[in-house]
Amino acid sequence: MAFSLFGGSDKKDTGAVTLSGESSNANSIKENLQAQILQEIALSNATELISKISNNCYEKCILTPGSSLSAADTACLDQCSEKYIQAWNIISRRYLARVQSDSKGLA
Amino acid sequence: MSQISKNDITQLDEASQAELLKFVESENAKAKLQSSIHLFTDLCFKKCVPSITTGSVSQAESTCMQLANCVDRFLDTNIFVVNKISQSMQK
């Protein structure tokens, strides 16, 4: 799945942080912190998406819960998840464009 | 993932600290937008996709979801409710 959607960082760890306090270390501390923040945001986004998809698709696909997921169930869940992610992309693109144009109008 | 201690942060020079603050603020703003997108997608998926027949979004569903419809109407509704409540609170 494209977790890069959520701005997840693939920055490599810039190395062990020492306590010497040199200015080159300040940079590495700062970069580490930024990477950590980005990772946590990406994780929280992914968690939210998983939760929404699970709820919506359970509602739409599993109408009468059986003792296990049937082939029809999994096919529906497959389609539903794909559809939800497409919807997310559509709405995300339009909403961000709208926010940008709104803020330009106010500037 | 290396752990950042409080000690490390206080050792940062002022310029780095200011930069980090700006970074956190900007990521915060972005996160709020993401959160709105999650809300709208949830709402609009429920409204615009009655049942799962295919794995892709049809043209009609896409039009329903497009901002011109689903999200805009939600924002209109929100504004309407805010006005109504503030009116009744003024009485």
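**Helix packing and an aromatic cluster in chain B and at its contact with chain A**

In chain B of this predicted model, confidence is highest in helix α2 (residues 14–48), with a mean pLDDT of 90, and lowest in helix α1 (residues 6–11), where the mean is 71. The average pLDDT over chain B is 83, and 90% of the residues score at least 70. For the complex, the predictor reports an ipTM of 0.73 and a pTM of 0.73.

Within chain B, helix α2 meets helix α4 (residues 70–90), their axes coming within 10 Å and crossing at roughly 110°. Helix α2 of chain B is therefore roughly perpendicular to helix α4 of chain B, since angles of 65 to 115 degrees are classed in this way. The crossing of these two helices is right-handed. On the side of α2(B), the contact is made by B:Leu39, B:Phe40, B:Leu43, B:Cys44 and B:Cys48; α4(B) contributes B:Cys70, B:Val71, B:Phe74 and B:Leu75.

A search of the whole structure identifies three aromatic pairs over all chains. In one of these, A:Tyr95 and B:Phe40 are arranged edge-to-face, with 5.2 Å from centre to centre and 70° between the planes. This pair crosses between chains, joining helix α2 (residues 71–106) of chain A, which holds A:Tyr95, to helix α2 of chain B, which holds B:Phe40. A:Tyr95 has a relative accessible area of 12% and B:Phe40 one of 5%; both residues therefore count as buried, the cut-off being under 20%. Ring pairs further link A:Tyr95 and B:Phe40 with B:Phe74 into a cluster. B:Phe40 and B:Phe74 also belong to the contact between α2(B) and α4(B).

Notes:
Residues are numbered from 1 along each chain as its sequence is written. Chains are lettered from A and ligands numbered from 1 in the order in which they are written. This is a predicted model: local features need pLDDT of at least 70, side-chain atom pairs count only at pLDDT 80 or more; totals for chains, interfaces and linings use all residues. Side-chain values use heavy atoms; hydrogens and water are left out. Rings of Phe, Tyr and Trp (its six-membered ring) pair if their centres lie within 6.5 Å; planes under 30 degrees apart count as stacked, over 60 as edge-to-face and the rest as tilted. Helices (H or I, at least four residues) and strands (E, at least two) are DSSP runs, numbered from the N terminus. Buried means under 20% relative accessible area, exposed over 50%, partly exposed in between (1.4 Å probe, protein chains only). pLDDT is the predictor's confidence in each residue, from 0 to 100. Axes are lines fitted to C-alpha atoms, for helices over the stretch in contact, and angles run from 0 to 180 degrees between N-to-C directions. Angles under 35 degrees count as roughly parallel, over 145 as roughly antiparallel, 65 to 115 as roughly perpendicular and the rest as oblique. A crossing is left-handed if the near helix is turned anticlockwise from the far one by less than a right angle, and right-handed if clockwise. Contact means heavy atoms within 4.5 Å.
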